[in-house]
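Here is a short briefing to read with the structure open beside you. Take a moment to turn the view around, and then let us begin with one residue and its neighbours.

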Amino acid sequence: MLEIIQNNWMLLLIGQYPNGPLGGIVATLLLAIAGLALAFPVAVLLAVARISPFRWVSLPAAAIVHVVRGTPFLMVLFWSYFALPVLIGRPLSGFWTLVGALVLYESAYLAEVIRAGIQALPKGQEEAARSLGFGYFRTLALVILPQALYNSLPALIGQFVSLIKETSLGYVISVNEFTYAAAQLNSQLLVQPVEVFTILAITYFIICFTLTQSARWLEQRIARSRQGRPGRREAQPQTDILATEPMP
Amino acid sequence: MGYEFDFSAVLTDQYIDWLLAGLRVTLLLTAGAWALSFVVGTALAVLRATGFRPAVWFVSTFVEIHQNIPLLVQILFWYFAMPEILPESWREWLNRNNSEFILAMIAIALCHAAYISEALRSGLRAVPVTQYEAGRSFGFNYIQTMAYIVVPQALRLSIPPLVNHSLLLFKNTSIAIAIGVHELTYQTRQIDSDTFRTFEIFLVATVLYLVLSFIIMAVGNLAERRLGMGVR
């Protein structure tokens, strides 16, 4: 097994780069980071729309979230693969096709995480801001969202782990990423599938486990720091951080 | 966009047969994996609840491994690597009996069993200790207390996450396309490459998935309303 890693670590780490497209673990991480960075603003908008007092804002947002929750990620990926190039009028690389699918799919799940964060805040926060003369949007932007986003940080890391796991499905449409690199390696070596797929699984495990553990650590830290502050003791139930995790 | 939708090209008798065949495999895969994952998940949760150190260690390792590796990688592992490890006779049996389907079902079931055992565990922890104490003081022994008092409440408390994971399991059966299981997504692609009516056939398939997902969500809501414990 070590021999396989020694001979092929470049392929597994960065794919064919610089002689071909970037692939391997680096591409997997870049895909997940780009997906999260682009999905995040969309998710905040969706979450805010979902708790809006106006039904004509909250209903469409709820519909989007439910439709995405009811669709397999692979279907979203194929839509991104076929429809995005038609919509933007030019061909799209595998990398951006996958990022597009991640943004479409994850925005809905992230929005639910952020919504849970907002709804877990004590009502007094909003009331205090409103009585200080802040309008709806200033209350949201300066008082509610900063606290809600900070409190949902562990859940957001959990969601990032989901994104990393979802990038593996790029394999199905031949996007250059880690799983694809390993499958290439497997068909090159032919006779060592156990070794190759064990390397693949262990590497994903190390990356994702490190992240989930740090999310747990952060969650405890945040819970402690909130308990420590006087006057907030009666606040909010703890939201279950992995409850909405979408997961392949 | 100037694209002319033409559903009559994809909804001929032949393609409807293909779709229905795919739907059948998707439903079979969902049902098989769901049943297996609930059996394994419950067994894991019970093992963990015993508090016996090696058992707890085994269950938490199982859970972490299955939650931190992509399901696709688990399916690929079962398909490409597992048959090499299994004894010769098992491999022959698998090859004779539609190995893709069985291996995909096992991989999906074990992965989701990890999530289900976690959902059950948090349900068990949410039942107040006084319930257990009350059961014991009525003269029930440990097993009776668990079976008649604690577990039924824990199950009801876990309905929302269990429904959530059932839905995810159903959606994740589409990943079995990666090893060539002839489920709904696979048949959709077949029809697509046969007719080049990409948007129509993917629209039909997406609506099929959505309808089934909404049925699962509705059944979940019903179960939650009929059996759930409400907010405590």
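Setting aside residues up to four places away in sequence, I75(B) touches A104(B), A107(B), I175(B), A176(B), A178(B) and I179(B). Please keep in mind that you are looking at a predicted model. I75(B) is a good place to start, as I75(B) and A104(B) have the most contacts inside the largest nonpolar core.

**The nonpolar core**
- The largest nonpolar core is made of 124 residues.
- Helix α5 of chain B, residues 99-126, brings the largest share of this core, with 16 residues.

**Confidence in the model**
- For chain B the average pLDDT is 92, and 98% of the residues score at least 70.
- The model as such has an ipTM of 0.91 and a pTM of 0.90.

**The build of chain A**
- Chain A has 10 helices and zero strands, so you can expect the pattern α-α-α-α-α-α-α-α-α-α as you read along its sequence.
- The C-alpha trace of chain A spans about 70 × 45 × 30 Å along its principal axes.
- Of the 248 residues in chain A, 42% are buried.
- Take the contacts in chain A between residues at least 6 apart in sequence: 72% of these join residues at least 24 apart.

**A closer look at L153(A)**
- You will find L153(A) in helix α8 of chain A, which covers residues 153-167.
- Is L153(A) buried, exposed or partly exposed? L153(A) is partly exposed because 16 other C-beta atoms lie within 10 Å, while a buried residue would need 20 or more and an exposed one would have 12 or fewer.
- Which residues does L153(A) contact, once its neighbours within four places in sequence are left aside? They are L218(A) and I222(A).
- L153(A) and A215(A) lie 62 residues apart in sequence, with their C-alpha atoms 7.8 Å apart in space.

**Where chain A meets chain B**
- In this pairing, 32 residues of chain A are in contact with 33 residues of chain B.
- On the side of chain A that touches chain B, at least two residues each come from α4 (73-88), α9 (178-189) and α10 (193-228).
- Among the contributors to that side, α10(A) gives the most, with 11 residues.
- By type, the residues on the side of chain A that touches chain B are 24 nonpolar, seven polar and one charged.

Terms used: Residues numbered from 1 in each chain as written. Chains lettered and ligands numbered in written order. Predicted model: local features only at pLDDT ≥ 70, side-chain atom pairs only at ≥ 80, totals over all residues. Core = buried A, V, L, I, M, F, W, Y, C linked by C-beta atoms within 7 Å. Helix = DSSP H or I, 4+ residues; strand = E, 2+ residues; numbered from the N terminus. Contact = placed C-beta atoms within 7 Å. pLDDT = per-residue confidence, 0-100. Nonpolar A, V, L, I, M, F, W, Y, C, P; charged D, E, K, R; others polar.
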